[in-house]
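Hi everyone, thanks for making time. I'd like to walk you through a structure that will be new to most of you, so let's put it up on the screen.

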Amino acid sequence: MPHHPFKVGLFGIGLDTYWPQFPGLEERLKGYVAQVAARLERPGVEVVNLGLIDSPTGAREAGHQLRQADVDIIFLYATTYALSSTVLPAVQRAGVPVVILNLQPTAAIDYASFNTLGDRTKMTGEWLAYCAACPVPEIANVFTRAGIPFHQVTGVLDGDPHVWQEVDGWLEAARVAHVMEHGRLGVMGHYYNGMLDIYSDLTLQAIAFGTHIQIVELDELAALRKEVGEVEAAERVQDFQREFEVQPDCAPEELARAARTSVALDQFVEKHGLTSLAYYAEGTPGSDNEDVMGSVILGCSLLTARGIPVAGEYEVKNAQAMKIMEAFGAGGSFTEFYALDFADDVVLMGHDGPGHVGIAQGKTKVRPLAVYHGKVGSGLSVEMSVRCGPVTLLSVVEDGGSLKLLVAEGESVPGPILEIGNTNSRYRFSLGARGFVQAWNAQGPAHHCAVGVGHIADQIRKLGALKGLRVIQVC
């Protein structure tokens, strides 16, 4: 598949009338734009820096350049006063989200030295290097009237951590939007019968995130599995022994069965170019399909840890939530409410099926299950807790024909879990266990969500803003 790099557009704005009037001002402002460009540069980010745009003609040309460069987001640096006509054509033609950088060189003008310059032309030139705030209302007015959403970062070019935290947040959110827009979500099998909250509008997912949905066949996966050789299967068993803490009561034949399915899954994902997968099926008793479904958990857990999240129960919305968390570098493990512990004021959350072993507290255990509760078959399953420390929960919620993002920040805390061969963690929230579940449920999410490590609600809020999705944070 072709690779499409993540590109960031940058330009400063000024007014060409000023340059002959105030010698050195243009070069100084170009230097400020270059400083921002240097701060935006990082691995995986291609910066398209157009320098200083100072006329309507230049703005129109900049719009063509940004469109041709295929940028994902624009940082518009208001370096000094500039006419809105030097902004609108560029942003309109580029047609991507825009963040206005309202940054002045230092925290304040040095009034004493400024007022002793003794030359009012020089003084005005110095002031103009500081008046980034001046054109922002004009630009905001025109963008609002043009129906162009915009975002703002206000502060100081140097020595203002808030500015770069905000810029980094917008950059990261735009990169995740790019990941989602280039994603291929495989859907295999069918919904769990009667789980009405899970039934999803696939078209809405494609529209909201730009993700391609690829419908794939369980029969094909079962056929690939038949072709897996003994050597490949044995090597995958060794992978399991290395990646997991395989419990002594796991039968060798069950490990071999899971290994064959895992190898086939990798081939299947590669063949279809999948970046995530939602699945559920039962198969008729004794069939190849049933055998695959009963041995899929370890392979799906390895895929999830590799950055290809796999959601069970055909939970398409949650596969998307898990992919968002993964793209932000937070992990993203499949989870639901398990129980409330009112004594310790924590919420027990987990799920059967695959877990994200990359965000586990210690090594993930593999246990044999004689029954998969509510599902067919038996086999091996994973048991893990999410790493202790800050966590974020994310649910992609279908809400009256549109999508919204539901977020909560909390903490994974140590303590006893249910050792039943499932993922399971203890979470503490600022609202308390009772307050959290009521606030979360009031938003009408499906019963699954994605949990990741770290507090990233702010980045998720920015992603929602870039994609035009409402974001609700309950804590």
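Let me start with a term: a cavity, as I'll use the word, is a set of grid points where a 1.4 Å probe fits but cannot get out. One thing to keep in mind throughout is that this is a predicted model.

So, how many cavities of 30 Å³ or more does a search of the whole structure find? The search comes back with two. I'll talk about the second largest cavity, which has a volume of about 50 Å³. It's lined by 13 residues, and those closest to its centre are Val386, Thr423, Asn424, Ser425 and Tyr427. Three elements give two or more residues each to that lining: strand E11 (331-341), strand E12 (346-351) and E17. Which of the elements gives the largest share? That's E17, with four residues. As for the chemistry, you've got six nonpolar residues, seven polar ones and no charged ones around this cavity.

While we're at E11 and E12, have a look at the loop between them, because there's an odd residue to point out. Asp345 sits in that loop, and its phi is positive, about 60°, even though it isn't a glycine. Asp70 does this too: not a glycine, yet with a positive phi of about 60°. You'll find Asp70 in the loop between helix H3 (56-69) and strand E3 (73-78).

Next, the pockets. The second largest pocket comes out at about 230 Å³. Its lining has 17 residues, and closest to the centre are Gln361, Met384, Ser385, Gly415 and Ile417. Strand E13 (364-369), strand E16 (402-413) and strand E17 (423-428) each put at least two residues into the lining. E17, then, is on the list for this pocket and also on the list for the cavity I showed you. The pocket lining splits into six nonpolar, five polar and six charged residues, whereas the cavity lining has no charged residues.

Let's zoom out to the whole chain. The domain assignment gives domain 1 (7-180) and domain 2 (183-473). Their C-alpha centres lie 42 Å apart, and the contact takes 14 residues from domain 1 and 16 from domain 2. Between them, the two domains bury about 1300 Å², with 73% of that on carbon and sulfur atoms.

What about charges? Side chains of opposite charge can pair when their charged atoms come close. Between domain 1 and domain 2, the count is one salt bridge. Glu166 and Lys462 also deserve a look: their side chains meet in a salt bridge, at 3.1 Å from N to O.

How many salt bridges are there by this rule? The count comes to 25. Another of them joins the side chains of Arg42 and Asp168, with 3.0 Å from N to O. That pair links distant parts of the chain: Arg42 is in the loop between helix H2 (25-40) and strand E2 (46-53), while Asp168 is in helix H8 (residues 161-181), and the two are 126 residues apart.

That's my tour, so over to you for questions.

Methods: Residues are numbered from 1 along each chain as its sequence is written. This is a predicted model: local features need pLDDT of at least 70, side-chain atom pairs count only at pLDDT 80 or more; totals for chains, interfaces and linings use all residues. Side-chain values use heavy atoms; hydrogens and water are left out. On a 1 Å grid over the protein atoms alone, a cavity is a set of points where a 1.4 Å probe fits but cannot get out, and a pocket is an open set with protein on both sides within 12 Å along at least five of seven lines; lining residues have an atom within 4 Å of a point. Grid points are joined across faces, edges and corners, and a volume is the space filled by probe spheres set on the points. Ala, Val, Leu, Ile, Met, Phe, Trp, Tyr, Cys and Pro count as nonpolar, Asp, Glu, Lys and Arg as charged, and the others, Gly among them, as polar. Domain bounds come from an automatic or database domain assignment. Contact means heavy atoms within 4.5 Å. Buried area is the accessible area (1.4 Å probe) that two parts lose on being put together, summed over both. A salt bridge is a side-chain nitrogen of Lys or Arg within 4 Å of a carboxyl oxygen of Asp or Glu.
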